[in-house]
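Q: I have a protein model open and want to learn how to read the place where its parts meet. Can we go through it step by step?

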Amino acid sequence: MTPITRPEPAPGQLFIDGRWRDAADGGRLDVLDPSTGTIVTTVAAGTAKDVEDAVTAARAALPAWRDTPVRERGRILNRVAALIREHADELTALESLDVGKPVSLCRPVDVDTAADVYEYYAALIQTVGGEHRTVAMPAHAYTRREPVGVVAAITPFNFPLILSSSKLAPALAAGNTVVHKPADDTPLSALFMARLLTEAGVPAGVLNVVTGRGPDAGEPLLRHPGVDKVAFTGSTAVGRHAAATAGAALKPVTMELGGNAANIVFDDADVEKAVGTVIKAFVFNTGQFCMGGPRLLVARPLYDTLLGILAQALPGVPLGDPFDPATVIGPMAGERHLAKVRDHIDRARAEGARIVIGGDRVDRPGFYHQPTVIAGLPDSSPVVQEEIFGPVLTVQAFDTEDEAIALANGTPYGLAAGVQTRDIARAHRVAARLDAGIVWVNDWAMLDPAMPFGGVKASGFGREYGPEGLEPYTRTKSVLISLEA
Ligand code: NAD
């Protein structure tokens with residue numbers, strides 16, 4: 001990999017109707033480098049006035065984009081993918097700077113996957129169509145799959161590029177137009193992508209990007225009568241509010257919300273491999289991964305061994321500057337995320353938990369936290385039940401398969417789960433009983449645009465990726481043509 005250096009991004013503007021402009025009221029938002037805590041640039045802080053303009057532009061662009069032949073839409077999206085690959089180093093640098101992601105992760109995971117997602121939906125949309133149906137009356141009857149209209153795409157801070165691509169690619173492929181509101185604290189790749197989409201041939205107004213704070217720039221999208229669908233990824237708390245608000249306006253919503261996945265290590269697992277998977281599951285993206293595995297459930301005979309190996313292995317996992325290609329654990333994306341981790345560890349200590357390793361922030365500038373393993377908490381502890389969203393692992397022992405499944409399913413969330421076992425029958429049996437949108441066996445974070453992910457329970461509803469991820473961006477119309485003479 002060519003060395004990726006820290007960029008110096010220019011101040012950002014809103015992208016509305018194919019033009020760059022400041023927020024109507026001139027507001028700005030700071031963008032921090034999480035590895036130093038310093039401000040690296042600012043972006044426009046959009047408000048309801050800007051959302052109004054963006055929705056107007058998206059509505060005006062809708063008929064022509066909807067009627068653009070699907071082959072042409074596919075060609076444009078393939079060009080987006082090609083441009084992502086061409087600009088991969090710049091995108092990696094921006095995303096790493098903005099989120100504090102190690103470049104070693106960002107390039108293959110965030111950037112390459114974003115390109116894959118555009119290619120996947122450019123191809124998939126070519127295969128999507130209505131159906132001829134047999135009906136009782138003399139009629140030629142068929143269904144049409146049509147775009148929904150104007151989509152509001154609201155995304156969180158932790159995977160800005162991937163999670164915008166998982167909405168924009170299927171939405172645009174299906175002929176919708178979009179207003180995208182990226183996270184307040186990590187807006188840079190969304191602005192860069194607006195340039196690439198324009199260069200690829202996406203017409204003015206088809207994609208609009210309104211950066212800004214959630215209540216100012218996100219909330220008006222939930223309520224705007226010109227928005228036909230809301231695609232939201234973020235926390236369960238904000239998601240509940242977003243779903244209720246958009247629901248009151250009868251807008252269809254997809255909700256990709258928080259997670260708190262269990263990683264079950266059975267006593268028949270390949271222990272060496274399982275340890276690698278356990279570490280990957282909770283430090284991936286510095287633990288800021290909705291589908292991460294912050295809850296380790298381990299068969300009692302392996303409990304002490306596994307804790308011992310983890311305590312030995314974790315200090316060797318490289319933590320440091322995201323731009324050092326050797327780094328695996330970077331800083332947390334911001335002060336508020338670090339504070340949440342600190343709060344959970346304080347609560348664990350107050351409950352009498354044993355901090356097996358870690359437990360403190362790292363003594364250097366920026367928002368770094370040590371990878372931390374916590375043992376001895378009851379399943380009912382809020383530290384086990386709530387989403388911590390940092391490099392923190394709680395560990396509990398189990399005695400039977402049924403108990404492991406009950407513990408795994410015993411939180412309000414249901415996004416992902418993992419099973420470490422060499423028993424193939426057990427793998428299938430347990431996977432079937434886990435309340436989760438995706439289950440990994442003997443690995444973690446295997447993600448592919450062909451395989452849907454999404455939540456159950458408080459982790460939300462709807463799926464991204466796969467044909468399931470295209471479905472919410474189309475609606476079905478029935479056409480019946482009388483054959484009577
Ligand atoms: P968040 O809920 O704070 O913010 C998400 C988005 O909602 C941001 O763009 C924010 O500006 C916007 N927002 C905030 N208030 C709003 C309002 N009143 N109206 C409309 N929009 C508003 O989430 P976050 O802290 O950025 O992201 C972390 C959360 O996202 C975690 O809970 C994580 O599990 C979840 N997440 C889920 C998935 C998934 O696929 N299920 C993926 C990534 C992250």
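Q: Into which domains is the protein divided?
A: Start with the ranges. This is a predicted model. Domain 1 covers 14-257 + 459-478. Domain 2 covers 262-449. Note that domain 1 is written as two ranges.

Q: What separation do the centres of domain 1 and domain 2 have?
A: Take the centres over C-alpha atoms. They are 30 Å apart.

Q: How many residues of each domain are in contact with the other?
A: Count each side separately. Domain 1 supplies 29 residues, and domain 2 supplies 29 as well.

Q: What area is buried between domain 1 and domain 2, and what share do carbon and sulfur atoms give?
A: Read the area, then the atoms behind it. About 2,400 Å² is buried between the two domains. Carbon and sulfur atoms give 64% of that area.

Q: How many salt bridges does the rule find across the interface?
A: Look for opposite charges, with N and O within 4 Å. The rule finds one salt bridge between domain 1 and domain 2. R336 pairs with D185 in a salt bridge, and their closest N and O atoms are 3.3 Å apart.

Q: How many residue pairs are in polar contact across the interface?
A: The rule finds eleven such pairs between the domains.

Q: Which helix gives the most to the side of domain 1 that touches domain 2?
A: Check the helices. α3 (88-99) and α4 (103-124) each supply at least two residues there. α4 gives the most, with seven residues.

Q: How do the residues on that side of domain 1 divide by type?
A: Sort them into three groups. There are 15 nonpolar, ten polar and four charged residues.

Notes. Residues numbered from 1 in each chain as written. Predicted model: local features only at pLDDT ≥ 70, side-chain atom pairs only at ≥ 80, totals over all residues. Heavy atoms only, no water. Domains from an automatic or database assignment. Contact = heavy atoms within 4.5 Å. Buried area = accessible area lost by both parts, 1.4 Å probe. Salt bridge = Lys/Arg side-chain N within 4 Å of Asp/Glu carboxyl O. Polar contact = N/O pair within 3.5 Å; in protein donor to acceptor, adjacent residues only side chain to side chain. Helix = DSSP H or I, 4+ residues; strand = E, 2+ residues; numbered from the N terminus. Nonpolar A, V, L, I, M, F, W, Y, C, P; charged D, E, K, R; others polar.
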